[in-house]
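Thanks for coming. I have one structure to go through today, so please look at the sequence and the model first.

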Amino acid sequence: MSMIEINNLKKSFGKLEVLKDINIDVQSQEVVCVIGPSGSGKSTLLRCMNLLEEPTGGDIFIEGDNLTDPKTNINELRQRLGMVFQQFNLFPHMSVMDNITMGPKRLKGKSQAEVRELGTKLLEKVGLVDKADVYPDNLSGGQKQRVAIARALAMEPRIMLFDEPTSALDPEMVGEVLQVMKDLAEEGMTMTIVTHEMGFAKEVADRVIFMDEGYIVEQGTPDELFNHPQNERTQAFLSKVL
Amino acid sequence: METIKIILEGLPTLLKGMGLTIEVTVISLILAMFIGLVLGVFSITKFKVLRAISTAFVDIIRGTPLLVQILFIYFGLPSVLDISLTAFAAGVIAITVNAAAYLVEIFRAGINSIDKGQMEAGRTIGFSYGQTMRLIILPQAIRRMIPAFVNQFIVSIKDTSLLSAIGLAELTLSGQSIYAANFHAFEILFAVGILYFVIIYSLSLFSRWLERRLDVA
């Protein structure tokens, strides 16, 4: 069974058609990178995958469950989808530890001791154990994003969605975030990543999707897409960013 | 010396009035905070009917003078409905409704001032809209709203003096009843002013302390 199956997805904002006819299948443990010029609809696509944007048409299945069916319990389904934002969106009124543990504590009914242990484990994973009791405002951008990844992982999601996770970072902090994502990929996490980091996509992705003007123009292995792009638009885009 | 004697003689009555002023204010503001929060959340939902209810309430209450509202509730309503209100009840209703209308706007603006990424982050973890509002948005928004709340509280405290118009023996009417008998309006109104100032200044000090405390986190 596909982890994510998207059929004929359409999304409009008013008269503006952002996604025109999207079909995607993401398999278990697959790492998919979505690239494309700004305004191509790639972030909107990712945001449709957990219903932050409501599709105008088409179907999205998460592990076989229909996301767009009104009978689906969206709050329960979202627990299976971790999301990392460009702007981190940490909760500034809570310590790093509370940011990470409030989900499992409130939604999974875990005890304070259990979530504390889980939180510490996750902070070790992202290399920030010493920041457990710090507030987000006292962290660098790279540290914030690593906490945001830990927070998403705390719900033990089946799939991780990344929306341009390094775009708001100073260049010297990009590496530390990409390293955490690479570790996750190596552990077998199913991941969909909207990114401008072509080097990362080449190295880590199983499949790269190139989007433009609301369509998937071309997709393939990193080698196919980066070294032998078939479509003119893909070629034009890559010649600008590589 | 004469002045102080006049004030001291009036003091027991004034303090009683001051107690009533505080009582009306506290009850009204607690109720108004609740109504303000509910209608404030109404005003930012995607449900048109709820938004319309909130807008209509705010526009009507803000668009009419408080004194008219007080008289309407105390004299107007009982004349057509089969109810009778004490001056205290009518006063609480009027101050509540009036303060609530302004608090709706404070809640709305405060909640809107929180980045929408916070709501999205809460929802993606798996929290419902209500849970995200309660656990993530409101704790941040309310901190920002404190100065505006205090401002409205102060206005409402002073507004209670209008309840003298329906015979509620709060601080202002207590003063009037004293100088109506002893003709020392200057001394008594001076004392009345000081007592209002004491209430309001205490509130200001408390809010400054609260803001400093919350700022640490």
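I will take chain B, then its interface with chain A, and then the salt bridges.

A word of caution before the details: this is a predicted model.

Start with chain B. It has eight helices and zero strands, so the pattern along the sequence, by the way helices and strands are assigned here, is simply α-α-α-α-α-α-α-α. The C-alpha trace of chain B spans about 70 × 50 × 20 Å along its principal axes.

Two helix pairs in chain B are worth going through, and both involve helix α4, residues 87–112.

In the first pair, the partner is helix α1 of chain B, residues 2–42. The axes of α1(B) and α4(B) come within 6 Å and cross at roughly 40°. The two helices are therefore oblique to each other, and their crossing is right-handed. As for the residues in this contact, 20 are nonpolar, five are polar and two are charged.

In the second pair, the partner is helix α3 of chain B, residues 66–80. Here the axes are 9 Å apart and the packing angle is about 140°. That angle makes α3(B) oblique to α4(B). The crossing of α3(B) and α4(B) is right-handed. On the α3(B) side the contact residues include B:Leu66, B:Ile70 and B:Ile73; on the α4(B) side they include B:Ala90, B:Ile93 and B:Asn98. By class, this contact has nine nonpolar residues, two polar ones and no charged ones.

Now the interface. How many residues of chain B are in contact with chain A? There are 18, and they meet 22 residues of chain A. The area buried between the two chains is about 1,700 Å², and carbon and sulfur atoms give 62% of that. On the chain B side, B:Glu120, B:Thr124 and B:Ile125 supply 33% of the area that chain B buries against chain A, more than any other three residues.

B:Glu120 comes up again in the salt bridges. Across this interface the rule finds one salt bridge. A:Arg47 forms a salt bridge with B:Glu120, with the closest N and O atoms 2.6 Å apart.

Over all chains, the count comes to 19 salt bridges. One within chain A joins the side chains of A:Glu156 and A:Lys108, at 3.3 Å from N to O. A:Glu156 lies in the loop between α5 and β7, and A:Lys108 in the loop between α3 and α4 of chain A, so the pair ties together parts that are 48 residues apart in sequence.

That is what I had; questions are welcome.

Methods
Residues are numbered from 1 along each chain as its sequence is written. Chains are lettered from A and ligands numbered from 1 in the order in which they are written. This is a predicted model: local features need pLDDT of at least 70, side-chain atom pairs count only at pLDDT 80 or more; totals for chains, interfaces and linings use all residues. Side-chain values use heavy atoms; hydrogens and water are left out. Axes are lines fitted to C-alpha atoms, for helices over the stretch in contact, and angles run from 0 to 180 degrees between N-to-C directions. Helices (H or I, at least four residues) and strands (E, at least two) are DSSP runs, numbered from the N terminus. Angles under 35 degrees count as roughly parallel, over 145 as roughly antiparallel, 65 to 115 as roughly perpendicular and the rest as oblique. A crossing is left-handed if the near helix is turned anticlockwise from the far one by less than a right angle, and right-handed if clockwise. Ala, Val, Leu, Ile, Met, Phe, Trp, Tyr, Cys and Pro count as nonpolar, Asp, Glu, Lys and Arg as charged, and the others, Gly among them, as polar. Contact means heavy atoms within 4.5 Å. Buried area is the accessible area (1.4 Å probe) that two parts lose on being put together, summed over both. A salt bridge is a side-chain nitrogen of Lys or Arg within 4 Å of a carboxyl oxygen of Asp or Glu.
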